[in-house]
Amino acid sequence: MALLKILQYPDERLHTVADRVPEITANIRALTQDMAETMYAAPGIGLAATQVDVHVQVIVIDISETHDQLLVLINPEITARSGVSDYEEGCLSVPGVFGKIPRSERVTVEALDRNGAPFTLNAEGLLAVCIQHEMDHLLGKVFVEYWSRLKQSRLQAKFKKQRRTVI
Ligand code: K1U
Ligand code: ZN
């Protein structure tokens with residue numbers, strides 16, 4: 001297993017749209033393991049393959065405090081949604097930035113697990129928000145891109161300045 005490098009906003013590669021996974025290969029299984037290890041180490045409660053610069057529809061999520069409820073979603077599709085939620089969101093690609101984004105309170109998602117078996121999950125609350133956040137990553141969208149152009153420009157300037165200072 002390996003820790004993967006997480007792309008940092010405003011890296012353009014975060015805007016790549018992920019391809020569907022045509023077949024669950026050993027490489028895809030290894031990717032899910034590495035992504036899970038990377039998410040737990042960060043620490044975070046979710047991670048999309050886009051964030052580790054692999055552009056396939058793979059997500060890992062674990063919202064448990066005990067880190068023993070790993071969910072792997074491959075080729076996820078939301079088939080139903082209801083309600084409105086306003087959880088405070090964070091993102092491992094935008095460290096230190098938090099904000100509320102309008103999301104559905106409940107979603108039904110269909111996906112494949114790490115063995116390629118199809119499953120349906122009814123999620124609500126934080127889990128539902130996390131699924132929507134990670135599925136946005138697969139579409140090339142970072143949560144701060146729901147904000148105004150002005151707020152995004154300020155954030156980009158701040159992160160570019162921080163990066164120059166570190167290098
Ligand atoms: O996609 C990501 O960057 C992961 C992100 C997921 C997420 C969090 C909150 C709302 C929606 C989506 C994170 O995991 S940010 C870190 C975080 O939330 C956390 C870290 C340690 C303990 C508990 C939560
Ligand atoms: Zn994120």
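**Questions on a predicted model and its ligand**

Me: Where is Ile45 found?
Reply: The structure is a predicted model, and helix 1 spans 26–41 while strand 1 spans 46–48. Ile45 is found in the loop between helix 1 and strand 1.

Me: Is Ile45 buried, partly exposed or exposed?
Reply: The relative accessible area of Ile45 is 34%. Buried means under 20% and exposed means over 50%, with partly exposed in between. Ile45 is therefore partly exposed.

Me: About how much accessible area does the nonpolar patch on the surface have together?
Reply: Ile45 belongs to a nonpolar patch on the surface, along with Ile63, Tyr87 and Leu126. Together these residues have an accessible area of about 300 Å².

Me: Which helix gives the most to the shell around ligand 1?
Reply: The residues around ligand 1 include Ile45, Gln51, Leu92, His133, Glu134 and His137. Three residues of the shell come from one helix, residues 125–138. The helix that gives the most is helix 2.

Me: How many residues of the shell around ligand 1 are charged?
Reply: By class, the shell has four nonpolar and six polar residues. Glu89 and Glu134 are among the residues around ligand 1, and Glu counts as charged. The number of charged residues in this shell is two.

Me: Which residue has a polar backbone atom 2.7 Å from an oxygen atom of ligand 1?
Reply: In the side chain of Gln51, an N or O atom is 2.9 Å from an oxygen atom of ligand 1. In the side chain of His133, an N or O atom is 3.1 Å from an oxygen atom of ligand 1. The contact at 2.7 Å uses a polar backbone atom instead, and that atom belongs to Leu92.

Me: What percentage of the accessible area of ligand 1 does the protein cover?
Reply: One polar contact of ligand 1 is with the side chain of Gln51, at 2.9 Å. On its own, ligand 1 has 530 Å² of accessible area. The part of this area that the protein covers is 76%.

Me: How many salt bridges does a search of the whole structure find?
Reply: One salt bridge joins the side chains of Arg13 and Asp11, with N to O at 2.7 Å. Another joins Arg20 and Glu77, with N to O at 3.2 Å. For the whole structure, the search finds salt bridges numbering five.

Me: Which residues are linked in a network of salt bridges?
Reply: Arg13 meets Asp11 at 2.7 Å. Arg13 also forms a salt bridge with Asp53, where the closest N and O atoms are 3.2 Å apart. The linked residues are Asp11, Arg13 and Asp53.

Me: Is Asp11 buried or exposed?
Reply: Arg13, the salt-bridge partner of Asp11, counts as partly exposed at 39% relative accessibility. Asp11 has a relative accessible area of 17%. The cut-off for buried is under 20%, so Asp11 is buried.

Me: How many residues apart are Arg20 and Glu77 in sequence?
Reply: The side chains of Arg20 and Glu77 meet in a salt bridge. Arg20 lies in the segment before helix 1 and Glu77 in strand 3 (residues 71–82), so the pair ties together parts of the sequence that are apart by 57 residues.

Me: What is the relative accessible area of Glu77?
Reply: Arg20 is partly exposed, with a relative accessible area of 47%. Glu77 is also partly exposed. The value for Glu77 is 42%.

Me: Which residue does a cis peptide bond join to Ala42?
Reply: A cis peptide bond joins Tyr9 and Pro10, with omega about 5 degrees, and Pro10 is in the segment before helix 1. For the cis bond after Ala42, omega is about -5 degrees. The partner is found in the loop between helix 1 and strand 1, and it is Pro43.

Me: What is the phi of Asp53, about?
Reply: Asp53 lies in the loop between strand 1 and strand 2 and counts as partly exposed at 32% relative accessibility. Asp53 is not a glycine, yet its phi is positive. The value is about 65 degrees.

Me: Where does Asn75 lie?
Reply: Phi of Asn75 is positive, near 50 degrees, in a residue other than glycine. Asn75 is buried, with a relative accessible area of 7%. The element in which Asn75 lies is strand 3.

Definitions and conventions
Residues numbered from 1 in each chain as written. Chains lettered and ligands numbered in written order. Predicted model: local features only at pLDDT ≥ 70, side-chain atom pairs only at ≥ 80, totals over all residues. Heavy atoms only, no water. Near = heavy atom within 4 Å. Polar contact = N/O pair within 3.5 Å; in protein donor to acceptor, adjacent residues only side chain to side chain. Areas by Shrake-Rupley, 256 points an atom, 1.4 Å probe, with all protein chains shown as cover. Helix = DSSP H or I, 4+ residues; strand = E, 2+ residues; numbered from the N terminus. Patch = residues over 30% accessible without salt bridge, like charges linked within 9 Å, V, L, I, M, F, W, Y side chains within 5 Å. Salt bridge = Lys/Arg side-chain N within 4 Å of Asp/Glu carboxyl O. Buried < 20%, exposed > 50% of the residue type's maximum accessible area, 1.4 Å probe, protein only.
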